[in-house]
Structure formats: C-alpha cells, structure tokens
Amino acid sequence: MFDPYKVREDFPILGRKINGHNLIYFDNAATTQKPNKVIEGISYFYRELNANPLRSVHSLAQNATKAYNEAREKIAKFINAEPEEIIFVRNATEAINLVSFSLPFRKGDSVVTTYLEHHSNLLPWLRLKKNGINVKMVDIDENYELKMDDFEHLPRNTKLVTFTHASNVTGTITNAKKIIKLAHEARSLTLVDAAQSVPHMKVDVKELDCDFLAFSGHKMLGPLGIGVLYIKKDVQRQLSTFMEGGEMIQSVEINKIIYAEPPLLFEAGTQNIEGAYGLGLAVDYLNSIGMKNIERYEEKLTKYLYQKAKEINGIEILSGKSKQFGPILSFNIPGLHSHDVAFLLDKKGIEIRSGFHCAQPLIEDKLKANGAARASLYLYNTKEEIDAFTAELKEITKHLHG
Ligand SMILES: Cc1ncc(COP(=O)(O)O)c(C=O)c1O
C-alpha cells in the first residue's frame, strides 16, 4: 500500500490556500494536478533537450527525437500496446475526432454510441448524420449500466461501436470486453473512450482487444495539450489521413507522394514534444506507485466518500449505482443549482465541478436533472478531505432546510 500523505508532498499545488482555506481539490475528472517530476521535467526539456525532433540531423535534435520515441515506448507499455500503435494528439477529443474524420464511412453505415457519453464521444458521430450515417444511441438502465441487449442486436452495416470505459458523471465502468466481443462478432470496429479509465486502473488494449482507444494526458498527472489515440496495427491501413504536412511522408513529388508508416503518418506537423515527454514522466510516476495500488486505494476512498455522503439528509446522489464505478460522486441539493453548491464549497477552498459536465443528454434526458455537482478523487486525496467536504455539505443542507 502506498502512502497518500507522502504522495501529496510531490504535488506543490496541494499546499496552496484557496479563499483562506487549505485547498481540497476534488475536480480530478476535469483535470489532475501535476507532480514535481512532471513540472520539473518540462522545464528540463526546455533547458536541455529542446529541438524539433525527427527532422534536423544535429545532436540536439537527435536527443529530442530520442526523448519523443522513449515517451511513446513508455506509454505503449503502459497500456500494453506496440509503440507504432500510439498516436500523439492533443487530447481524447482530438483522438476521437481523428477516427471520425479518417475512417471511410459510407452512406447507410451505422455508428453505435451510447447515452453515457461525454460530448467528445457524441458530437463527432452526430456530425456524420448529415453524410447519411445512421447513429444509434444505446440506452442505460436504472442502475446506469449500458443495456447490453442493444449490443447483441446491432444495426446492419454497423461500422463502429464506440462507448465510454468509465462515465465522468455516473462513474459507471462499462463491460468493455464484452461489448467489444459482441461488436467484433457483428464485424464492427470498436473505439473505447478511456479518458476516465486509463488514469485510474490498469488498461490493457490487448486484453480488451479494442481497435481504437482514446485518452488525455492531463487527466493522469501529465501536462495539458497531449493525448493518445491507440490504433490497433491491423486496423491502421483502413484509415485515411485527416491532416497532412511535415514528417508524415517519405517522399513528395508533385504527382507522387509516398507516405510514412504509422504512427508518423497520423502526426503531421511539429508535435507537442514537451507534452509527450511530460506524459512519459507522469506514466513513470504512476508506475512507481503501481496502478493496482492506485485502484485499490481509490476504491477504498470512494467507498468512504459514498458512506459519508449517504449520511447527509437532503442530497440526491446521481452516481455510483452500477456494479462497478470510478471515484466520482455526482449529486444535487434540491433547491440549489449545482453551480451554487460549487460556489459555496469554493468559499471553503473545496474545488468541485458543476453543470452538465459535457454530458447534457445523459444528465437532462436520462438523469432528469438540470446539472449536477461532482466530486472526483485521485490518488492524492484523503479521508480527512472527504470529512471536510461532507461536513461542509451538511452545513449547506442545514441552512437550506432549517
Ligand atoms: C469520459 C470523457 N471522455 C472524453 C473527455 C474529453 O477529454 P478532453 O477534454 O481532455 O479531450 C472527458 C473529459 O472530461 C471525459 O470525461
């Protein structure tokens, strides 16, 4: 078992005061804080390594290329992929959009997505409707689980089944392996939105057998502006390129272009090398603690959070009903807008998210709510922080209901 109090010493921002109170950072599903190793690593990159990799032949550029390649190798290993299967992008949103623009969809094809999705895994597919692509929405049941029947009876011509591995609202961890198997039986490709799973659990793309997997570095201790699209080797040939330019070619003549092999094929232009390097360091940090340890600790902490939240009269919990769920508590206090709850907590230095969480169809149509307050945890959060948070919620509800 690792020691969360020791871990906290690695995150300078956690020592900050907000509005005169010790910061309690419970907005980890939006973005996570960064350890010294990442913060200092980025500075080191610019002080010691900075050059444009893959292009210039000088020593500095060779060092930058080495750093970029090593980051790719580390990240590949982290999700049990091959380095050539890791495409660096800006974030999970760009990863999903890359697939939506690059897979050759034909009029009459179907894409299957779900009501659990973040807008990032919804809008890229709804956009395709104007090209004559059918979009089927899989519903959720009363426990916020995806209705598996729908995956057993996929529409004819389903080209892609795409779904979240872990919901940023209900916390639901979906049965990805089973969905992927059913989709493959129907000869469909599969894309997993792993933005909320890769940071918190061991994700193995070979075990899942997915064709695409998307995640963001900033939600897993890495820098902003770097994300990953995993594309299974066998599937890479099916994609066209959606951006073209420098370093994704072998040779260019006006009438004859020879393209580079993936992953460079999908990485046109100068990339976020500092971001990739920083994400590699974040992965080193997570590995040094161990994803199993993180998962176990977060499970315990989440259980405690729910236990304390359930003791509060006057809050409605909108998450945590599924068989398995992540470290997320979404809730409302009837009579208060979720933004008001967030403002009141912020006055005490407690930072949570409120609103629609970029999942408006889920919150409005399925949870029948006008937004939600959300506390989301990570490895550096503690029981004491949960005590302070729930004590404050008790105060708020007491004042509201007299
Ligand atoms: C489940 C899920 N998918 C996708 C995203 C999009 O991530 P990003 O904004 O980093 O692209 C998020 C962000 O909150 C998310 O929670």
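These legends go with close-up views of a predicted model and the ligand bound in it.

**View 1. The whole chain, before zooming in.** Start with the overall fold: the chain carries 14 helices and 16 strands. Along the principal axes, its C-alpha atoms fill a box of roughly 75 × 55 × 35 Å. How does the radius of gyration fit with a compact globule? For 402 residues such a globule would come out near 21 Å, and the chain has 22 Å, so the two agree.

**View 2. The ligand in its pocket.** Here we look at where the ligand sits, which is the second largest pocket. There are 15 residues around the ligand, and Thr-93, Asp-193, Gln-196, Ser-216 and Lys-219 come nearest. What kinds of residues make up this shell? Sorted by class, 9 are polar, 4 are nonpolar and 2 are charged.

**View 3. Polar contacts to the ligand.** Now the side chains that reach the ligand with N or O atoms. Asp-193 places a side-chain N or O atom 2.5 Å from a nitrogen atom of the ligand. Ser-216 does something similar with an oxygen atom of the ligand, at 2.6 Å from an N or O atom in its side chain. His-218 joins in too, with a polar side-chain atom 2.7 Å from a ligand oxygen. As for cover, the ligand taken alone exposes 400 Å², and the protein buries 89% of that.

**View 4. Leu-221 and its positive phi.** Next, a backbone detail in the loop between β9 (212-216) and β10 (227-231), where Leu-221 is found. Ser-216, one of the residues that come nearest to the ligand, is the last residue of β9 as numbered here. Phi of Leu-221 is near 80°, a positive value, although the residue is not a glycine. Why point this out? Because most residues other than glycine have a negative phi.

**View 5. A cis bond between two prolines.** The last close-up shows the peptide bond from Pro-262 to Pro-263, which is cis, with omega near 10°. Where does Pro-263 lie? Look in the loop between β12 (256-259) and α10 (273-289). For background, most peptide bonds are trans.

Definitions and conventions
Residues numbered from 1 in each chain as written. Predicted model: local features only at pLDDT ≥ 70, side-chain atom pairs only at ≥ 80, totals over all residues. Heavy atoms only, no water. Near = heavy atom within 4 Å. Polar contact = N/O pair within 3.5 Å; in protein donor to acceptor, adjacent residues only side chain to side chain. Areas by Shrake-Rupley, 256 points an atom, 1.4 Å probe, with all protein chains shown as cover. 1 Å grid on protein atoms, 1.4 Å probe; cavity = no way out; pocket = protein on both sides within 12 Å on 5 of 7 lines; lining within 4 Å. Sits in = over half its atoms within 2 Å of the grid points. Nonpolar A, V, L, I, M, F, W, Y, C, P; charged D, E, K, R; others polar. Helix = DSSP H or I, 4+ residues; strand = E, 2+ residues; numbered from the N terminus. Rg over C-alpha atoms; globule rule 2.2 N^0.38 Å.
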